[in-house]
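Colleague: I'd like to go over how the chains meet in this model. Could you pull it up and take my questions?

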Protein chains: 2
Amino acid sequence: MSIILALHTSDIRFPTSASLDGSDAMNPDPDYSAAYVRIVTDADDGLEGHGFVFTIGRGNDVQVAAIKALAGQVVGRSTEDLLEHMGATWREFVWDSQLRWLGPEKGVMHMAIGAVVNALWDLKAKRAGLPLWQLLSRMTPEQLVELVDFRYLTDALSPEDALQILRAAVPGRAKREAELLASGYPAYTTTPGWLGYSDDKLVRLATEAVEEGFGMIKLKVGANINDDIRRMRLARATVGPDILIGVDANQRWGIAEAIEWMSRLAEFDVAWIEEPTSPDDILGHAAIARGVAPIPVATGEHMANRIMFKQFLQADALQVLQIDATRVGGVNENITILLLAAQFGVRVCPHAGGVGLCEAVQHLSMFDFVAVSATREGRVIEFVDHLHEHFLTPVVLDRGAYRAPTIPGAGTEMLATSRDEYSFTAHE
Amino acid sequence: MSIILALHTSDIRFPTSASLDGSDAMNPDPDYSAAYVRIVTDADDGLEGHGFVFTIGRGNDVQVAAIKALAGQVVGRSTEDLLEHMGATWREFVWDSQLRWLGPEKGVMHMAIGAVVNALWDLKAKRAGLPLWQLLSRMTPEQLVELVDFRYLTDALSPEDALQILRAAVPGRAKREAELLASGYPAYTTTPGWLGYSDDKLVRLATEAVEEGFGMIKLKVGANINDDIRRMRLARATVGPDILIGVDANQRWGIAEAIEWMSRLAEFDVAWIEEPTSPDDILGHAAIARGVAPIPVATGEHMANRIMFKQFLQADALQVLQIDATRVGGVNENITILLLAAQFGVRVCPHAGGVGLCEAVQHLSMFDFVAVSATREGRVIEFVDHLHEHFLTPVVLDRGAYRAPTIPGAGTEMLATSRDEYSFTAHE
């Protein structure tokens, strides 16, 4: 029996705007940042739970304040009570009636809950001596369904539906776990495609990507159609016909504009169009999906919660679902979203990059392969080669695939030296 | 030419949970609070701009932190530059690429923008020597359209559509302004209907509401169907057949549950069902609207932004649109939503109550009557008799109608004595 002693927060910012890494049509100068949380208990094991929200600079302090506001719901509580009933723990956070007013279930307060929930999962996985993906993959279907809050979902996914999906995947679990450990999970890379890069840099990085074994790259688009056509032509000429090329507009367009713009890029064989418009516009995405077919529409990294994902699936408004490790209410809500995707038969290709998003989200895709969808077909996890060196268990890419992590935890622990060095307050 | 000297914030909380004022099926014990902002310039006029976000307690400090994060975009700027181009000012806040990541356009950060935008409108109205509703009602259609950001909206409302609506309302403006000053804007009252009140208190307050001239009351429902049936029967017996009774479930239900529950209450002649389910569930509300017809569905107080309102209107998912003065990005975004409602021919019945929401939102409905929809038909502003005494220009109700305010400003200024007395930090 142990008690949670403290919930420590830090405001960590990397000055990435200097190099235009991460520049796109809507985010010209991001400073990749983390609103970070560290949960400490009085247990002898010395284990801590780490989590964070990824932001792009200004406002990271607001996100930290929101995480701090949750301390009262964690500090002084029994660690075991919280960790053994992670479904109930999630509900406690999300259904706090006063905090809920600040969303509900969206934006700063909801992401703060996600960070704390993820930190608790990190601690739970470390205590179990397993990487998060394996911890989740070894839970029973009944235990997994307990993690899910079905309020507002039963018109699309009932507890019975979820159980059926999870039970169907039980037989092959051990085999798929072995496959993951042998061959990893396929990745694609956005490294060549940032909008602020020169044509030469695009060609050099795209060439390297193919050499490194990636089967897909992604280009940022949406600022200028003529630039986009030139860059797509260059990229296609560089990688040849067999490598997939996705494009990402980062919410730049209206509906008619998205359809028109994509008609100009279609000749280059586009793997998907990502975030064509506002992430809140379900009906708009559905119209775009009809207008750009057969090019699939991909979105999700800015989608606020499971209720939005449910509707995008119901409306056939996306064909590629992109979960994000720190946008929604943490591991529990992402499991819910994986179940929704499985229910609708839609493939999941996570958003990653930023700070630590690769490290965190790989666990969810690997769990999905072992215990939910039971397939890697058509699925890739985004990879961006930034800032991995700051993490205790950085991702390992091997011939274009994420190697399955074997170190206990959720992948979310940043090195103490990095946390100190990039502490924003310290630099002010 | 003047400069903005400071953006002051305060965390103000009223201990309303002690009396169960404001209790409903999702919010059992709110402490009505305001994350408050005061903008000070170096002008000789001594005028200040005041604004706030209404919250229900915990997390009000997070909301204050978010408002503070906007100081850098305001302090040191030319007051006239900001106030004379309020459309551009709004875009600067909302399209700040780094802060936008924290939403986008939803939750804590978006509401913070709303508070600052509203404070600027308050200052602008005071400088003009007009109450906000009159200031807005005297702007030209072209000036009003400049306030609107049409990104993500043109599939439902183009600038030309908006101009057409506003121009059509120009001829009768003076007549309607005079009508407003003579007879005010109709209100309904939620005062009798809180879930925590006894049956006796319900009957007493409902009786008083009718005596005071209200034509509609509203009851909170959704916790227990038998209680709801008993309270609806009591309320209907008390007010008679000619007074409208709306019900409000505060997001309690799933879709099937909402339809089933309302089938049990329909016999009491329900004016509308408010917030039957998650405010994010457009498709769910559309299904509920079909299932409970002819009872209208009302929602909006928790809707994050204009893109959600657009879709609710496109999907016929609401029949009564409830704007809220402090949930979205302030006056500009609410003008946008009023134009969307006019475009779809849907009536607007604002959410109010809380802290200062009545004082603020009345200006928007009155502007709508004079210069947008040009009608009060079927429209009522919510009224709750709480905490008005803390405002410099408290609302005045007269035979069930809001009297049109004549004092300059947006109604959002709280008395300095109240701000001091209920300062949360001071009480910690």
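**The interface of chain B and chain A**

Modeller: Across the interface of chain B and chain A there are 28 residue pairs in polar contact, both at pLDDT 80 or more; a polar contact is a pair of N or O atoms within 3.5 Å, where within protein one must be able to donate a hydrogen and the other to accept it, and residues adjacent in sequence count only if both atoms are side-chain atoms. This is a predicted model, in which local features need pLDDT of at least 70, side-chain atom pairs count only at pLDDT 80 or more, and totals for chains, interfaces and linings use all residues. Residues are numbered from 1 along each chain as its sequence is written, chains are lettered from A and ligands numbered from 1 in the order in which they are written, and side-chain values use heavy atoms, with hydrogens and water left out.

Colleague: Which helix of chain B gives the most to the side that touches chain A?

Modeller: That is H14(B), with 5 residues, where helices are DSSP runs of H or I with at least four residues, numbered from the N terminus.

Colleague: And how many salt bridges are there across the interface?

Modeller: The rule finds 6, a salt bridge being a side-chain nitrogen of Lys or Arg within 4 Å of a carboxyl oxygen of Asp or Glu. One of the pairs joined by a salt bridge is Lys106(A) with Asp280(B), at 2.9 Å from N to O.

Colleague: What area do the two chains bury between them?

Modeller: About 4900 Å², with 57% of it on carbon and sulfur atoms; buried area is the accessible area (1.4 Å probe) that two parts lose on being put together, summed over both. On the side of chain B, Arg58(B), Gln98(B) and Trp101(B) lose the most area to chain A, together 19% of what that side buries.

Terms used:
Helix = DSSP H or I, 4+ residues; strand = E, 2+ residues; numbered from the N terminus.
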